[in-house]
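Student: I have a structure to look at and many words to learn. Could we go through it together?

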Amino acid sequence: MKNIFIVDASLYWSDEISSFVSDELKEQKNTIDFLIDKLNFENFSYILLHTKNFPSELKTKFQNKNFELKETEKSHSLPELLNKLKKIKEALTADNVGFTYLDSPFLDVAINKEIIKMHLDNEAEYTFADNLPEGLSIEMCSSDFLDAIVKSEPKSPELLSRKIFDNVKADINQYYVEVFLPDDDLSLKRIEFHTNTKRNRQLLLNFLKHNDASIDFQNIVQSLDKHPEILFIHPKYVEIEITNKNLKCFFIPESKRPETFLSLENYKKIIEKITKDYNDIIISLTGLGDPLLHPQFIEILEYTINQSQVFSLIVETTGQNLTEEIKQVLSQYPPYKLQIIFKVDAVSQEVYSKLYEGELEPVKKNIESFLSLNEVNGQRTFLQFTKMKENIAEMEPFYRYWKEKGSQIIIQKYNSYAGVLENRTISDLTPLDRLPCWHLQRDLTVLADGTVPVCKQDFDGKMILGNLIKDKFIEIQNKMRPFYLDNYSDQFKSLPLCSKCDEWYTYNF
């Protein structure tokens, strides 16, 4: 039986990633050094799949470890990469293929040896680890599995997920799959152990700073218990309220703040500070107001999307002010760069009137005409339904109506803003065990005057960390840290709002 192990450097490869994997992580060892030390599985031949511009000094490291080098074009999707793996195993007549990515320095040796053993002993077609952050475990495929998965039509041809499982899970019963499950579930942390971005690389550096031993899964679990600050890096999801002017909505609290519009000049200052050091930031134009009511909405949108450091932009609106000009502008951009959430929450005027002021029919026609402008608007459009006592009977018809129109659907939980609003919740889905708050760890809220509250639940800005128009971002981030640490350890004295909040387990894009 012939087994090969492939390290892929063709998916996601760029000059920026080159610097991330080449730079030292610890004690003059970089990502490649850590990775190669972990690849000592018996009875395997090793291959590096690399692009033409792959640095020669990195090639040498692999050659010195008896890797065979195979040059290829950059892969732009996982299905494309799988086809390359199939061709390699056919050329080498391999029975099984092990697989990982170049930027995975924290591979857990013990877990991966167990994955290989499970795969070979049980003659599985595909074996992987579940409930583990990406970058810790390998994947194993049989020769027949690779043939079958390449022939099948992937559900998302442009899917950039790293895990083969994400491409086969819809038809998982077609294959004999073995799954390794760890004792602790870290999937809820939403972290990954790759050095493909500055954020992920910083996460690895934080772990290495607090751990002298070789990093493995158990070290990671223990380190998080002792040092929760490891996860506190830089906000990834930033909600910016460009105006607090709203079309009347009965489940949005009324603010005591004066009606404000964030100027384009000040908005640019905020974006520049937020994105100065990280290039994977998701910006959401939301808050208590409707961003489409801002007189400079189009200029703000175009400026944001054209910032290379902004990964994607989300616009949340009722759709009541969706003009023809705005429709055309929104339709210009690729769906991965711009998403629109329409907060409609009803299919009949009777129910709509309980939630919003205004007429539902013009809103529906507005959104439908937007969806019909091109083939991709359906991919960027989300119709949101917030479950409440007033509208729960319309949830199923709402889903059917907008699904038939080609939109995607978001079913949202009701938010009482920590008890400020009447409780309209249908069912309490709050987990029994409290988790550290997602929003304090990875989100940031900016109000229309530039002020930054500790949390989006503080819609009137009673606990302010600073103002991003005039203050340095690092100063605001440093003020947030103790609130995050207290919350992580279930100590809510520093932020009493937390004790009344049930939004801690929800998360955004």
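Student: Leaving aside its neighbours within four places in sequence, which residues is N377 in contact with?

Tutor: Happy to help! First, keep in mind that this is a predicted model. Beyond those sequence neighbours, N377 is in contact with L330, S331, F370 and L371. The residue N377 itself is found in helix α15, residues 377-380.

Student: Why is N377 called buried?

Tutor: Buried means under 20% relative accessible area. N377 has a relative accessible area of 0%, so N377 is buried.

Student: What makes the link between the side chains of N377 and S331 a polar contact?

Tutor: The distance is one part of the test: the N or O atoms must lie within 3.5 Å. The side chains of N377 and S331 are joined at 2.9 Å. A polar contact of 2.9 Å also joins the side chains of N377 and R380.

Student: How do you know that F342 and F370 form an aromatic pair, and why is the pair called edge-to-face?

Tutor: Ring centres must lie within 6.5 Å, and planes over 60 degrees apart count as edge-to-face. Here the centres are 6.1 Å apart and the angle between the planes is 70°. Both tests are passed, so F342 and F370 are an edge-to-face pair.

Student: What makes this pair a link between distant parts of the chain?

Tutor: F342 is in strand β13 (residues 338-343) and F370 is in helix α14 (residues 360-371), 28 residues apart. Both rings belong to buried residues: F342 has a relative accessible area of 0%, and F370 has 0%.

Student: Why is the pair of Y401 and W402 edge-to-face?

Tutor: Their ring centres are 5.0 Å apart and their planes are at 80°, so that pair is edge-to-face.

Student: Are Y401 and W402 buried, exposed or partly exposed?

Tutor: Y401 has 23%, and partly exposed covers the range between 20% and 50%, so Y401 is partly exposed. W402, at 1%, counts as buried.

Student: How many aromatic pairs does the structure hold?

Tutor: It holds 23 aromatic pairs. There is also an aromatic cluster formed by F5, F41, F44, Y46, F62 and F67.

Student: How do you know that R190 lies over the face of W438?

Tutor: One part of the test is that CZ of Arg is within 6 Å of the ring centre. R190 lies at 5.6 Å from the ring centre of W438. In a similar way, K198 lies over the face of Y278, at 5.2 Å from the ring centre.

Student: Where does helix α18 bend?

Tutor: Helix α18 bends by about 25° at M480, and the proline P482 follows within four residues. The helix has 16 residues (473-488) and reaches 22 Å from its first C-alpha to its last, close to the 22 Å expected.

Student: Which residues of α18 are buried, and what covers them?

Tutor: The buried ones are F473, I476, Q477, M480, F483, Y484, N487 and Y488. Their cover includes α9, α10, α17, β16, β17 and β18.

Student: Why might buried positions in a helix be spaced like that?

Tutor: An α-helix has 3.6 residues a turn, so residues three or four places apart point the same way.

Student: One last residue: why does I4 count as buried?

Tutor: I4 has 0% relative accessibility and the cut-off is under 20%, so I4 counts as buried. You can find I4 in strand β1, residues 3-8. Among the residues in contact with I4 are F44, I88 and V97.

Technical notes: Residues are numbered from 1 along each chain as its sequence is written. Side-chain values use heavy atoms; hydrogens and water are left out. Rings of Phe, Tyr and Trp (its six-membered ring) pair if their centres lie within 6.5 Å; planes under 30 degrees apart count as stacked, over 60 as edge-to-face and the rest as tilted. Helices (H or I, at least four residues) and strands (E, at least two) are DSSP runs, numbered from the N terminus. Buried means under 20% relative accessible area, exposed over 50%, partly exposed in between (1.4 Å probe, protein chains only). A charge sits over a ring if NZ of Lys or CZ of Arg is within 6 Å of the ring centre and within 35 degrees of the ring normal. The expected span of a helix is 1.5 Å times one less than its number of residues. The bend at a residue is the angle between axes fitted to the seven residues ending there and the seven starting there. Contact means heavy atoms within 4.5 Å. A polar contact is a pair of N or O atoms within 3.5 Å; within protein, one must be able to donate a hydrogen and the other to accept it, and residues adjacent in sequence count only if both atoms are side-chain atoms.
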